[in-house]
Amino acid sequence: MLVDSHCHLDFPDFAEERAAIVVRALAAGVGRMVTISTRVRRFQQIVEIAETFNEVYCSVGTHPHNAAEELDVTADELVRLSGHPKVVAIGEAGLDYHYDKAPRDAQAQGFRAHIAAARRTGLPLVIHARNADDDMASILEDETGKGAFPFILHCFSSGRRLAEVGVALGGYVSFSGILTFKNSPDLRAIAADVPRDRLLVETDAPYLAPIPHRGKRNEPAYVTNTAKVLAETIGVSETEIAYITTGNFFRLFTKMPRPDMARI
Ligand SMILES: [Zn+2]
Ligand SMILES: [Zn+2]
């Protein structure tokens, strides 16, 4: 069994077809999906999707793109909302200096509120980091110094040093379809050096469909393509990569009911 640790099933791309997409994921061996919140103000819609499907769980948080609109979201509110039984993570939050859709100080402020919520709840923080390697590394070092919290560098596409800092601080590194792209040899080299017990896979659907679906709408079933390339990259079989990444997933997402690992 594989897990899609990061998708966006609430996006309009999936509106009519959500049930069919979940069925296709299950048929492909993708047994759990975490649909990730990008706006706390739309949390209710995310929760309803998670409540509809047994195998779908969710997070609560504000994407850095929306940080300026949700600066009033406090760690207290995130902690309160995360009490819902289907909420298994905080985020996605972080720093995106590629698009710079929100002022950088607002992104950092929101990010630190999410870190506080992750520290208090023990739920993993889903971190979005793009073109912000130095600031991300320094905030992670600073905040970890105040007290550890579990986290994932999701859709990892940053430089080697950020991966190393994240791993040194106890974090996990999640790879998306970017890993499969021909022009990603540097990313595969980084993935090969991440300790096996810190590796995760995701789709970030509807974006970033892996090869051979590149350019099309992505969906959770396609995490199988990324897992296959990750297996080749680190030199293990497809059965082993499922065991490694799914085992890591359940070790990190501690609130998620754990299946019998002997059967996956
Ligand atoms: Zn993201
Ligand atoms: Zn995302």
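This briefing describes a zinc site, the cysteines and some backbone features of a predicted model. Local features are reported at pLDDT of at least 70 and side-chain atom pairs at pLDDT 80 or more, while totals for chains, interfaces and linings use all residues, and side-chain values rest on heavy atoms, with hydrogens and water left out. Residues are numbered from 1 along each chain as its sequence is written, and chains are lettered from A and ligands numbered from 1 in the order in which they are written.

**Zinc site**

- The zinc ion (ligand 2) takes its protein donors from H6 (NE2), H8 (NE2), E92 (OE) and D204 (OD), at 2.1 to 2.5 Å, where a donor is an N, O or S atom within 2.8 Å of the metal (3.2 Å for Na, K and Ca) and where sites may look incomplete, water not being among the atoms.
- The angles among the four donor atoms of the zinc ion (ligand 2) run from 87 to 178 degrees, and the site is irregular.
- Irregular is what remains when a site is neither tetrahedral (four donors, all angles between 85 and 135 degrees) nor square planar or octahedral (four or six donors respectively, opposite donors over 155 degrees apart and all others between 65 and 115).
- Ideal angles at a metal are 109.5 degrees for four tetrahedral donors.
- Along the chain, the donors of the zinc ion (ligand 2) follow the spacing H-x1-H-x83-E-x111-D.
- Within this set, H8 and D204 link distant parts of the chain, 196 residues apart, with H8 in the loop between β1 (2-7) and α1 (18-27) and D204 in the loop between β8 (199-201) and α8 (223-234); helices (H or I, at least four residues) and strands (E, at least two) are DSSP runs numbered from the N terminus.
- E92 serves as a bridge between the zinc ion (ligand 2) and the zinc ion (ligand 1), which are 3.4 Å apart.

**Cysteines**

- The count of disulfides is zero, a disulfide being a pair of cysteine sulfur atoms within 2.5 Å.
- C58 is in no disulfide, and its nearest cysteine sulfur, that of C7, lies 11 Å away; C58 counts as buried because its relative accessibility is 0%, buried meaning under 20% relative accessible area, exposed over 50% and partly exposed in between (1.4 Å probe, protein chains only).
- C155 is likewise in no disulfide, with the sulfur of C7 as the nearest cysteine sulfur at 13 Å, and C155 is buried because its relative accessible area is 9%.

**Backbone features**

- Most residues other than glycine have a negative phi, and most peptide bonds are trans.
- C155, in the loop between β6 (151-153) and α6 (160-168), has a positive phi of about 45 degrees although it is not a glycine.
- The zinc donor D204 also has a positive phi, of about 60 degrees, although it is not a glycine, and D204 counts as buried because its relative accessibility is 9%.
- A cis peptide bond with omega of about 15 degrees joins A205 and P206, and P206 is found in the loop between β8 and α8.
- The peptide bond from I211 to P212 is cis as well, with omega near 15 degrees, and P212 lies in the loop between β8 and α8.

**Surroundings of S184**

- S184 is placed in the loop between β7 (172-175) and α7 (185-193), and S184 counts as buried because its relative accessibility is 6%.
- Not counting residues up to four places away in sequence, S184 touches I178 and L179, contact meaning heavy atoms within 4.5 Å.
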